[in-house]
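Biologist: I am new to this structure and would like a close look at a single part of it. Please take one helix and go through what surrounds it.

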Amino acid sequence: MKLARRLPVVIYRWTVIFLAFWFVSYLLPMLDLDMTGHMFFLLTLGIVAEWFAVSFPQGQLAATFSVIFASYLIFGSAGAVWITAWSCLMGQALARSNSLPTVLFNASQYVVAIAGADFLYMYLGGSLDERLAWGNILPLTVFVLACFAINQLLIYLYLLPDRKNNPLVFW
């Protein structure tokens, strides 16, 4: 791949990675460290979800969103970001032979997706105290849809330069 074509790809990937590192460091003081044992349990579930990913021709599908959503409901955005980032990093580092930039991007895409979805959740008036309340149905629905949409957009842009056919209808 020529350097002129490769440079925007490298810039995009590392921009997402650095943005995720900023989100992770910003949310660190908001972690409830009294819940560390519960966080380690969900971290373990996240690692297992990454290990048992199903491979497809265009990539892999893991059950990571179930851990994201459970973490978000229990610990909020800070816990969800930290648990998801570490479980993705550890799960992929131990179970797959991806390069370091790929593993970092995979963890970072989840962090950015959670942060974006949490912004929409808060914008729609989602409660911080009781996430599983009837009044939070709309904000939680938007959180789920936004998390999937942002994640898929980040993956789509990540894989876009390697597509030979029409990238708009690849799947």
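Modeller: The model is predicted, and the part chosen here is helix 3. Its contact with helix 5 brings Phe 65, Ile 68, Phe 69, Tyr 72 and Leu 73 of helix 3 against Leu 140, Phe 143, Val 144, Cys 147 and Phe 148 of helix 5. Sorted by class, this contact consists of 10 nonpolar residues, with no polar and no charged ones. Helix 3 covers residues 64-95 and helix 5 covers residues 137-159. Two packed helices are described by the angle between their axes and the distance between those axes. For helix 3 and helix 5 the angle is about 140° and the axes lie 12 Å apart. Their crossing is right-handed.

Another residue of helix 3 is Thr 84. Thr 84 has a relative accessible area of 1%, so it counts as buried, the limit being under 20%. Leaving aside residues up to four places away in sequence, Thr 84 touches Thr 64, Ile 68, Tyr 110 and Ile 114. Ile 68 also takes part in the contact of helix 3 with helix 5.

Helix 3 also borders a pocket. The second largest pocket holds about 250 Å³ of space. It is lined by 13 residues, of which Leu 27, Met 30, Ser 77, Ala 78 and Asp 118 are the closest to its centre. At least two lining residues come from each of helix 1 (3-27), helix 3 and helix 4 (100-123). Helix 3 contributes the most, with 5 residues. By class, the lining of this pocket has 9 nonpolar, 2 polar and 2 charged residues.

Note on methods:
Residues numbered from 1 in each chain as written. Predicted model: local features only at pLDDT ≥ 70, side-chain atom pairs only at ≥ 80, totals over all residues. Heavy atoms only, no water. Axes fitted to C-alpha atoms, helices over the stretch in contact; angles between N-to-C directions. Helix = DSSP H or I, 4+ residues; strand = E, 2+ residues; numbered from the N terminus. Left-handed = near helix turned anticlockwise from the far one by under 90°. Contact = heavy atoms within 4.5 Å. Nonpolar A, V, L, I, M, F, W, Y, C, P; charged D, E, K, R; others polar. 1 Å grid on protein atoms, 1.4 Å probe; cavity = no way out; pocket = protein on both sides within 12 Å on 5 of 7 lines; lining within 4 Å. Points joined across faces, edges and corners; volume = space filled by probe spheres on them. Buried < 20%, exposed > 50% of the residue type's maximum accessible area, 1.4 Å probe, protein only.
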